[in-house]
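Here are a few exercises to work through with the model open beside you. Try each task before you read its solution.

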Amino acid sequence: WLPETERNENSSAAGVLVAPGTYKVAMQQRIDGALSDLDQDQTFEVVSIREPTLPGSSQQQRIAFQRQVDEMVRAVSGTLKTIDEILKQLDAIEESLQNSTADMALYAEANSIEKRLIGQRDRLSGNTTAGRYSINGPVPVTSRLRHAAYSPNTNAYGPTSTQGQSLSIAQDEYSDISDQLSQLIDRDYRNLLNSLDAAGVPWTPGRGVLTPN
């Protein structure tokens, strides 16, 4: 959900800075699906390369906060993939309905679900068309999370109060979006699929293959 340039800059394998302390690393190998230990465990000490210069949260609080942000990022990413997959299925449904003799009210329902799904996707990741023309709109969840996770790989300080607010807003927004999507996908979209099957509409991705009577 990040632009390509931002993904490259922010997806470093370094991950989040851990708190100073004693850590242990182990090596394993996987051959033909079997995992075996190489008995090369090592213990090492991590020290801080910099200390926070402002009073505020501890290193432990910073790590706990960043884990919350990471969990939200994973949830949003998975939700976006699910929405995009269902939108592809809806495109196929609409194309199939245009070439069938089924009641076109089914097409209208598919189109309505599609538009509402796009609306929820825009709440998550923003409207790319509007953004291309610099049209201001509601701040998407992904932007809130980008701000909350600012410089997690190098920053020993945080979270700031504004970062905490960004995460809180993102969590509240995502909760509402999840409720909307549950209704859209689990109820409306599922009912549409059942109606398509009942009407004998030819198979489309995401639906079981119909057996001719």
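Two strands pair if DSSP finds at least two bridges between them; helices (H or I, at least four residues) and strands (E, at least two) are DSSP runs, numbered from the N terminus. This is a predicted model, in which local features need pLDDT of at least 70, side-chain atom pairs count only at pLDDT 80 or more, and totals for chains, interfaces and linings use all residues. Residues are numbered from 1 along each chain as its sequence is written, and side-chain values use heavy atoms, with hydrogens and water left out.

**Exercise 1.** Find the order of helices and strands along the protein chain.

Solution. Begin with the count: the protein chain has six helices and four strands. Then walk along the sequence, and the pattern reads α-β-β-β-β-α-α-α-α-α.

**Exercise 2.** Describe how strand 2 and strand 3 pair, and what joins them.

Solution. Take strand 2 (residues 28–31) and strand 3 (residues 34–37): they pair in the antiparallel sense over four bridges. One bridge to look up is that of Ile-31, whose partner in strand 3 is Ala-34. Next, look at the link: the two strands form a hairpin with two residues between them. Finally, check the backbone of the turn, where Asp-32 has a positive phi of about 50 degrees.

**Exercise 3.** Locate the aromatic pair and classify its geometry.

Solution. Rings of Phe, Tyr and Trp (its six-membered ring) pair if their centres lie within 6.5 Å; planes under 30 degrees apart count as stacked, over 60 as edge-to-face and the rest as tilted. The structure holds one such pair. Tyr-23 and Phe-44 make up this pair, with 6.2 Å centre to centre and 25 degrees between the planes, so the pair is stacked. Tyr-23 sits in strand 1 (residues 21–25) and Phe-44 in strand 4 (residues 42–46), 21 residues apart.

For accessibility, buried means under 20% relative accessible area, exposed over 50%, and partly exposed in between (1.4 Å probe, protein chains only). Tyr-23 has 29% and therefore counts as partly exposed; Phe-44, at 39%, counts as partly exposed too.

**Exercise 4.** Test the span of helix 6 against its expected value, then look for a bend.

Solution. The expected span is 1.5 Å times one less than the number of residues. Helix 6 (residues 161–198) has 38 residues, so it should span 56 Å. Its end C-alpha atoms are 54 Å apart, which agrees. For the bend, take the angle between axes fitted to the seven residues ending at a residue and the seven starting there. Helix 6 bends by about 25 degrees at Tyr-189. Just after helix 6, Gly-200 takes a positive phi of about 70 degrees.
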